[in-house]
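Q: Please examine one part of this structure closely, and then relate that part to its surroundings. A formal, connected account would be appreciated.

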Amino acid sequence: MNALVALCHFCELHGPRTLFCTEALHPPSPSPSSQAGAQVPGDRDGDRDGEGLTMKANSSATQKEMCEGCRSLPASHPGFVSIDDETGIRFLSHQHPRQPQLFSVVRQACVRSLSCEVCPGREGPIFFGDEQHGFVFSHTFFIKDSLARGFQRWYSIVMVAMDRIYLINSWPFLLRHLKLTIQSLQSTALKVFDNEQGVCPQRAVRMNSAFSPAVFPHQRSGNAARSLTSLTQHPNLWASLHSSFSWLLKACGSRLTEKLLEGAPTEDTLVLIERQTEQEEEMSCWEGAEGGASKTQRHLSETELAHNFLSDDTKLDELPGPKFRSLRHLRQVLGAPDFRQLAWHVLMGNQVIWRGADPVLIQSAFTVLKSLLPVGCVRSVPYSSQYEEAYKCNFLGLCPDVPIPAHVSSSEFTVLVDVTSERSCHIPAVREDDISSLYQFTITSANTQPIDRGPALLNKLEVALCNENLSVDVVSHCLLCLKEEWMNKVKVLFKFSKVDGRGREDTQKVLALLGATGPGEEDNVRLLKYWMTGLSKTYKSHLMTAVRGGERSPSQ
């Protein structure tokens with residue numbers, strides 16, 4: 001992250017001043033000339049000394065205008081340098097940046113953070129800036145001083161960067177870690193303040209002293225010359241701040257990564273982002289909660305971790321045993337009629353139960369079948385020792401001895417696939433991936449509705465699966481395009497029926513316009529309504545907000 005961190009102070013005599021600044025220097029890109037004559041370790045040290053002299057020259061011009069409270073490091077101090085061995089980035093700290101352009105940017109950020117941009121209560125985080133001078137995250141705070149007016153002095157820590165979005169996204173991270181640094185400074189200074197007040201209470205001295213206009217300027221001059229080192233009595237204050245600021249720049253630059261997205265994100269991408277955010281929030285709540293979780297909670301957590309492990313397609317490929325590799329492979333093993341029946345139940349949102357002794361095989365089947373649905377419609381329990389209700393999962397894997405409740409087996413909204421072993425022992429002549437020779441599959445369902453007409457998506461998919469000239473990757477891309485096509489129809493239907501609240505006749509006209517009527521119309525409509533439940537919360541809230549804003553605009 002191309003940013004720098006600075007500690008600023010409001011001096012009673014000289015106004016806002018920069019006390020300490022840490023910047024990151026990225027290693028130069030290698031060129032043919034530099035590769036021909038590689039630097040030796042001595043050259044690197046020489047560069048470091050040169051940068052120290054540069055900072056010294058830049059800072060010495062303002063030494064005459066500084067009092068003790070405005071100065072951090074003496075003019076002869078070369079500054080602090082830390083090198084990140086992983087990336088080669090060097091973190092340099094001195095009173096002022098080494099480049100004149102950065103000096104102007106930091107100076108303006110310092111003035112605005114301590115005089116112009118003020119948050120309620122004067123202490124706390126604020127954000128300001130522009131494209132020309134950079135964007136600033138600033139946190140203002142007070143340090144106790146027994147000799148200052150009001151017994152406190154005003155400071156701020158600013159982070160300056162040119163990337164506004166990156167800085168805003170880093171707000172919670174910066175606020176959390178800058179608060180730790182500020183609280184450390186304040187607590188250390190408070191101890192010094194209490195000790196000084198115990199020796200000589202300044203409030204009583206000021207109340208009893210005579211006030212005159214001639215004496216007041218001298219009192220101000222005397223109160224302004226106390227450094228932060230004397231306020232905290234910290235012998236290695238600036239070295240400690242250099243470590244904190246250097247770590248902050250490194251951590252802030254590595255915590256977020258940029259990804260190139262081609263076009264607008266799909267609904268599946270939005271749902272995955274929302275789920276990841278929810279999982280991170282749950283993990284934060286668990287980490288923040290008090291220890292001592294019950295054994296039941298720990299057992300559930302371990303089970304969930306096991307399910308997440310089995311859900312990972314990469315880890316699934318590494319597990320031994322026969323597995324379904326694609327939809328075409330699954331269709332070849334089950335047969336065209338059974339595959340169509342199973343795929344129909346998946347697309348209609350019915351509960352699909354696989355019962356057998358091989359959890360890897362069952363999970364591979366779920367991985368293949370889940371590709372038929374949007375991510376938001378998938379709720380999976382890969383392998384369980386007891387039956388789970390349909391509202392919890394639409395993909396359920398069970399042990400071979402788990403009984404199915406009567407109300408489930410008689411329901412037309414459930415399909416059961418029993419996987420039984422075809423052979424008692426493996427014969428060397430049989431290949432491990434020859435699933436049809438190892439297992440027998442029995443599909444049962446109470447559904448009596450004919451499935452030969454629709455939905456249209458399934459008909460088009462089967463045409464692609466039957467075409468042997470199309471590879472598995474091509475069929476996969478074909479399915480992706482079909483899902484996007486029907487997801488767009490789902491969005492139109494959601495906007496028309498749920499948001500606008502149109503009647504049945506108007507909805508029927510929209511369905512005809514979308515191409516969902518005709519043969520298999522009932523299945524098409526059922527598919528659209530089921531997929532509507534998989535829309536992301538982001539899309540729904542955006543659509544509702546846009547519609548409400550449009551309703552208010554005519555009245556305004």
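A: Gly-335, placed just after H13, takes a positive phi of about 95 degrees. The model is predicted, so that local features require pLDDT of at least 70 and side-chain atom pairs count only at pLDDT 80 or more, whereas totals for chains, interfaces and linings use all residues. Residues are numbered from 1 along each chain as its sequence is written, and side-chain values use heavy atoms, with hydrogens and water left out.

The helix that precedes this glycine, H13, spans residues 327–334 and is mostly covered, with seven of its eight residues buried. Helices (H or I, at least four residues) and strands (E, at least two) are DSSP runs, numbered from the N terminus. Buried means under 20% relative accessible area, exposed over 50% and partly exposed in between, with a 1.4 Å probe and protein chains only. The buried residues of H13 are Leu-327, Arg-328, His-329, Leu-330, Arg-331, Val-333 and Leu-334.

Two of these, Val-333 and Leu-334, are in contact (heavy atoms within 4.5 Å) with Phe-441. Leaving aside neighbours within four places in sequence, Phe-441 also touches Phe-324, Trp-354, Leu-361, Val-417, Asp-418, Val-419 and Ile-435. Phe-441 belongs to the largest nonpolar core, which has 69 residues; Phe-441 is among those with the most contacts inside it, together with Phe-324, Leu-347, Trp-354, Leu-372, Leu-373 and Trp-531. Such a core is a set of buried Ala, Val, Leu, Ile, Met, Phe, Trp, Tyr and Cys residues joined through side-chain atoms within 4.5 Å. Helix H19 (residues 472–499) gives the most to this core, with eight residues. Apart from it lies another core, of 36 residues, including Leu-19, Phe-137, Ile-143 and Leu-175.

Helix H14 (residues 336–348) and helix H21 (residues 521–532) have axes that come within 8 Å and cross at roughly 50 degrees. H14 is therefore oblique to H21, since angles under 35 degrees count as roughly parallel, over 145 as roughly antiparallel, 65 to 115 as roughly perpendicular and the rest as oblique. Axes are lines fitted to C-alpha atoms, for helices over the stretch in contact, and angles run from 0 to 180 degrees between N-to-C directions. Trp-344, Val-346, Leu-347 and Met-348 of H14 meet Asp-523, Arg-526, Leu-527, Tyr-530 and Trp-531 of H21. By class, this contact of H14 with H21 has seven nonpolar, no polar and two charged residues. Here Ala, Val, Leu, Ile, Met, Phe, Trp, Tyr, Cys and Pro count as nonpolar, Asp, Glu, Lys and Arg as charged, and the others, Gly among them, as polar.

Trp-344 also takes part in the surroundings of Asn-447, which is in contact with Trp-344, His-345 and Glu-412 when neighbours within four places in sequence are left aside. Asn-447 is found in the loop between strand S12 (439–445) and helix H18 (456–466), and it counts as buried because its relative accessibility is 15%.

Two further loop residues offer a contrast in accessibility. Gln-233 has a phi near 55 degrees, a positive value in a residue other than glycine. Gln-233 occupies the loop between helix H8 (228–232) and H9, and it counts as exposed because its relative accessibility is 54%. Ser-227, in the loop between helix H7 (216–223) and H8, is buried, with a relative accessible area of 9%. Its contacts, leaving aside neighbours within four places in sequence, are Glu-68, Gly-69 and Arg-71.
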